[in-house]
Amino acid sequence: KKKDLSRLSDETLIYSMWISTQTTYAGRLGKEAILSKPSLWLHRCCEDNEEKEEYSRCTSNQAEALRILVEEWNLQNVQLSALPSYDDSNWKVVTNEAIYVLKIASAGAECRGKCDAQTTILALDCEGKIMEKLGPELAPRVIKTKNGQITARLGDSRFARLSSWIQGETFSKFRNSPDRQSLLTNVGVLLAQVLSKLEDFDDFGISSARPLSWDLRNATSVSSYLSLVKDIHQQQLARKCLARVQPALEKLKDLPSQVIHGDLNDENLLVLPDGTLGLIDFGDFCRAPRIVEIAICLAYILFFSPENDQVFTELRTILLAFNNKSSKPLNETELEVLLPLIAARNCQTVLTAQYRLSLTPHDSYVAISAEPAWRLMAKIDTIISTFSSQKSNGQSSISSYLLPTSPQQNTRRDFSYIDTNKPNGPSSSSQRSIAVEEKGEKNDAMPPGKNHSNKDPLLLKLGASAAVATAGLLVTIFLSRRRGGSRAS
């Protein structure tokens with residue numbers, strides 16, 4: 001109570017606030033930050049504690065959804081089923097003629113930077129225009145209202161938009177598919193298509209009007225949630241990833257920006273019946289360098305690569321497909337920042353999940369990607385550490401490993417000579433067919449002294465690291481059993 005503040009020291013007061021709730025400004029800062037400069041935070045914490053911050057989504061019921069469909073789109077006799085969503089309220093709408101998705105959104109949603117009503121409707125309209133720009137082969141088709149609007153206004157602060165349903169399955173369901181390698185190639189192709197189509201798209205300044213917490217360029221802002229991670233090893237890993245991404249974020253400032261999707265995760269990528277890919281959920285669009293889009297996508301697509309060396313192989317498969325499809329191959333700066341950006345996105349995922357769970361402990365959807373994100377962070381950390389040790393020994397940079405250049409290929413980087421002996425790896429014939437089809441090269445474009453039966457030195461080193469760790473674990477188990485046996489006897 002404020003009347004009692006005079007009897008308390010700054011340290012005692014603020015520490016009490018931190019103990020009492022994890023949703024106030026004090027809780028978000030973390031105990032260590034507060035106690036280091038208590039007087040600095042005193043006034044703000046008192047103000048913030050007056051009204052407890054709560055995280056809530058836009059909600060709606062079937063009756064409201066049915067009314068909106070009739071009033072705005074003249075749709076009747078429909079069947080509705082709720083769809084999962086981070087902030088909005090989404091419904092699957094089935095009619096006799098077609099299937100649609102109804103999105104109901106509110107101003108102030110965190111996914112749109114907590115912007116006001118006017119910016120919210122402009123952002124929703126812009127999402128619809130991005131879908132139109134990409135076309136029905138890549139994105140849903142916007143169904144305009146009976147008044148010809150992309151977005152229907154439902155009062156002062158609520159809005160609705162209707163789009164076509166894309167018939168497909170989320171990419172996450174194909175993590176163990178025997179066609180995974182061809183799907184990874186299609187991911188690279190899709191990235192090239194999306195970035196090419198949106199290169200000249202004008203968002204009329206909406207991106208700058210709504211700073212997004214999920215914007216990868218704001219990755220370090222989640223450091224305030226580190227204290228919520230109880231596992232000390234995970235916390236150290238997250239700290240390392242956030243420190244490592246700082247130089248990469250500085251380099252991004254020198255790269256050209258464009259509108260990007262902003263959240264190409266494995267739940268927003270759909271595998272269509274013909275094996276090609278489509279995408280949904282454009283709420284996180286922003287202006288950023290194109291390598292940000294690629295890093296975000298890879299941060300999810302590589303979730304379930306089983307080993308460090310396979311993560312690297314699958315990464316290069318996607319980059320090859322991108323460079324073969326894109327008219328502007330990735331440059332050295334983009335390749336240098338890619339791995340730190342991937343790890344930073346995973347860090348955003350796990351720390352934001354911790355924060356959301358502290359607000360809504362029973363909402364498991366907010367942490368749907370946390371566990372695989374922790375695993376991939378550890379794998380990327382191993383790969384980056386391997387590169388760092390090699391670079392200190394005067395060996396090649398990371399960009400030359402991601403997309404090595406053969407002497408015969410003067411115009412475009414290629415890695416068609418990567419190791420293909422792994423059971424789940426791509427076949428040499430399929431990889432070469434991509435290069436031949438896209439670039440018209442001959443099959444003898446392999447660098448001198450290289451052949452498909454030779455192991456990549458980096459992959460061998462990564463595999464050796466995993467083998468050493470496994471051997472150590474086995475020795476530990478053996479010794480513990482020996483000691484246990486002696487005690488039993």
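This report describes the overall make-up of a predicted model, two helix packings and four single residues.

Residues are numbered from 1 along each chain as its sequence is written, and side-chain values use heavy atoms, with hydrogens and water left out. Because the model is predicted, local features need pLDDT of at least 70 and side-chain atom pairs count only at pLDDT 80 or more, while totals for chains, interfaces and linings use all residues.

**Overall make-up**

The protein chain holds 16 helices and eleven strands. Both are DSSP runs numbered from the N terminus: helices are H or I with at least four residues, strands are E with at least two. Of its 489 residues, 50% count as buried, that is, under 20% relative accessible area with a 1.4 Å probe and protein chains only; over 50% is exposed, and partly exposed lies in between. The chain exposes about 23,200 Å², and 51% of this comes from carbon and sulfur atoms. Accessible areas come from the Shrake-Rupley method with a 1.4 Å probe, and for residues only the protein chains shown count as cover. Among contacts (heavy atoms within 4.5 Å) between residues at least 6 apart in sequence, 72% join residues at least 24 apart.

**Two packings on helix 12**

Helix 12 covers residues 332-359 and packs with helix 10; its axis also comes within 8 Å of that of helix 9. The table gives the geometry of both pairs. Axes are lines fitted to C-alpha atoms, for helices over the stretch in contact, and angles run from 0 to 180 degrees between N-to-C directions.

| Pair | Angle | Axes |
|---|---|---|
| Helix 10 (residues 290-301) and helix 12 | about 55° | 8 Å apart |
| Helix 9 (residues 232-252) and helix 12 | roughly 135° | within 8 Å |

The angle of about 55° makes helix 10 oblique to helix 12. Helix 9 and helix 12 are oblique to each other too. Angles under 35 degrees count as roughly parallel, over 145 as roughly antiparallel, 65 to 115 as roughly perpendicular and the rest as oblique. Helix 10 passes helix 12 in a right-handed crossing, whereas the crossing of helix 9 and helix 12 is left-handed. A crossing is left-handed if the near helix is turned anticlockwise from the far one by less than a right angle, and right-handed if clockwise.

On the helix 10 side, the contact residues include Ile291, Ile294 and Leu298; those they meet in helix 12 include Leu338, Ile342 and Arg345. By class, this contact has eleven nonpolar, two polar and three charged residues. Nonpolar covers Ala, Val, Leu, Ile, Met, Phe, Trp, Tyr, Cys and Pro; charged covers Asp, Glu, Lys and Arg; the others, Gly among them, are polar.

From helix 9, residues including Cys241, Val245 and Leu249 meet helix 12 residues, among them Pro340, Ala344 and Cys347. The contact of helix 9 with helix 12 has 14 nonpolar, one polar and three charged residues. Val337 and Leu341 of helix 12 appear in the contact with helix 10 and in that with helix 9.

**Single residues**

Thr220 sits in the loop between helix 8 (206-209) and helix 9. Its contacts, not counting residues up to four places away in sequence, are Leu242, Val245, Gln246 and Leu249. At 26% relative accessibility, Thr220 is partly exposed.

Arg316, in helix 11 (residues 308-325), counts as buried at 1% relative accessibility. Arg316 and Leu402 are 86 residues apart in sequence, yet their C-alpha atoms are 5.8 Å apart.

Most residues other than glycine have a negative phi. Asn74, in the loop between helix 5 (62-73) and strand 1 (79-83), has a positive phi of about 55°. Asp281 also has a positive phi, near 60°.
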